[in-house]
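Subject: Structure for your review

Dear colleague,

Please find below the structure I am handing over to you. A summary of what was found in it follows.

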Amino acid sequence: MSQAPVKSEMFQRVEASFLRQGMMQHLGARLVRVESGLCEIALPYSDRVSQQQGGFHGGAMGALADIAGGYAALTVAAPDAEVTTVEYKINFLAGFNDGELRAIGHVVKAGKCIIVTTAEVTHIAPDGKQNACAVMQQTLVPVAKNY
């Protein structure tokens with residue numbers, strides 16, 4: 001019987017914060033990958049994330065991109081800090097339903113006062129076909145961890 005892979009300290013730090021995210025838990029998102037300056041999050045299609053025409057809601061796509069970029073930023077923030085979004089700009093490239101979305105956040109620049117990230121959101125269809133869905137640029141600030 002094989003054992004579960006050991007989670008890195010960085011993954012555990014991000015996961016502890018991610019599990020406190022009520023909205024991500026409600027939407028059914030899951031943490032996929034965490035590396036220094038990178039975070040990947042998946043969001044399966046469901047009625048919780050759909051809009052009136054049956055596709056993924058732009059708000060769900062924006063939230064997913066925001067969280068992926070934010071946790072990428074957390075990987076480069078001080079160990080006793082959290083991060084919060086100051087602003088983001090997102091471009092929606094195409095709409096999709098079914099399958100799942102994957103958002104990969106990347107740190108572009110990590111400064112002392114601000115961290116700039118990008119995130120790419122990709123739709124993965126049930127047959128495995130992948131298509132670009134949205135791109136985002138974000139500014140975050142480190143804040144004191146209060147939990």
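Strands in this message are DSSP runs of E with at least two residues, and they are numbered from the N terminus. Please note that the model is a predicted one.

Overall fold

The chain contains 3 helices and 6 strands. Their order along the sequence is α-α-β-β-α-β-β-β-β. The chain is as compact as a globular protein of its length, because its radius of gyration of 15 Å is close to the 15 Å that the globule rule gives for 147 residues. Along the principal axes, the C-alpha atoms occupy a box of roughly 45 × 40 × 25 Å.

Of the 147 residues in the chain, 41% are buried. Among contacts with a separation of 6 or more, 62% join residues that lie 24 or more positions apart. The exposed area of the chain is about 8,100 Å², and carbon and sulfur atoms supply 52% of that area. The chain carries 12 positive and 13 negative charges, and the mean positions of these two sets are 4 Å apart.

Strand 3 and helix 3

Ala81 belongs to strand 3, which covers residues 81–92. With a relative accessible area of 10%, Ala81 falls under the 20% limit and is therefore buried. Leaving aside neighbours within four places in sequence, Ala81 is in contact with Arg13, Leu74, Val143 and Lys145. Gly58 is 23 residues from Ala81 along the chain, and the C-alpha atoms of the two are separated by 29 Å.

Helix 3 spans residues 58–74 and includes Gly70. The relative accessibility of Gly70 is 9%, so Gly70 counts as buried. Beyond four places in sequence, the contacts of Gly70 are Val83, Gln138 and Leu140. Glu15 is 55 residues away from Gly70 in sequence, with a C-alpha to C-alpha distance of 12 Å.

Asp66 is also located in helix 3. Its relative accessible area is 17%, so Asp66 is buried. Apart from neighbours within four places in sequence, Asp66 is in contact with Thr85, Tyr88, Met136 and Gln138. The C-alpha atoms of Asp66 and Tyr88 are separated by 7.5 Å, and the two residues are 22 apart along the chain. Gln138 thus appears among the contacts of Gly70 and among those of Asp66.

The loop after strand 3

Asp98 lies in the loop between strand 3 and strand 4, the latter being residues 100–110. Most residues other than glycine have a negative phi. Asp98 is not a glycine, yet has a positive phi of about 55°. The relative accessible area of Asp98 is 34%, so this residue is partly exposed.

Cysteines

How many disulfides does a search of the whole structure find? The search finds 0. Cys133 is in no disulfide, and the nearest cysteine sulfur, that of Cys39, is 17 Å away. A disulfide requires two cysteine sulfur atoms within 2.5 Å, so a distance of 17 Å leaves Cys133 unpaired.

Is Cys133 buried or exposed? Its relative accessibility is 0%, so Cys133 counts as buried. Cys113, by contrast, has a relative accessibility of 62% and therefore counts as exposed.

Yours sincerely

Terms used:
Residues numbered from 1 in each chain as written. Predicted model: local features only at pLDDT ≥ 70, side-chain atom pairs only at ≥ 80, totals over all residues. Heavy atoms only, no water. Buried < 20%, exposed > 50% of the residue type's maximum accessible area, 1.4 Å probe, protein only. Helix = DSSP H or I, 4+ residues; strand = E, 2+ residues; numbered from the N terminus. Rg over C-alpha atoms; globule rule 2.2 N^0.38 Å. Contact = heavy atoms within 4.5 Å. Areas by Shrake-Rupley, 256 points an atom, 1.4 Å probe, with all protein chains shown as cover. Lys, Arg positive; Asp, Glu negative; His and termini not counted. Charge placed at Lys NZ, Arg CZ, Asp CG, Glu CD.
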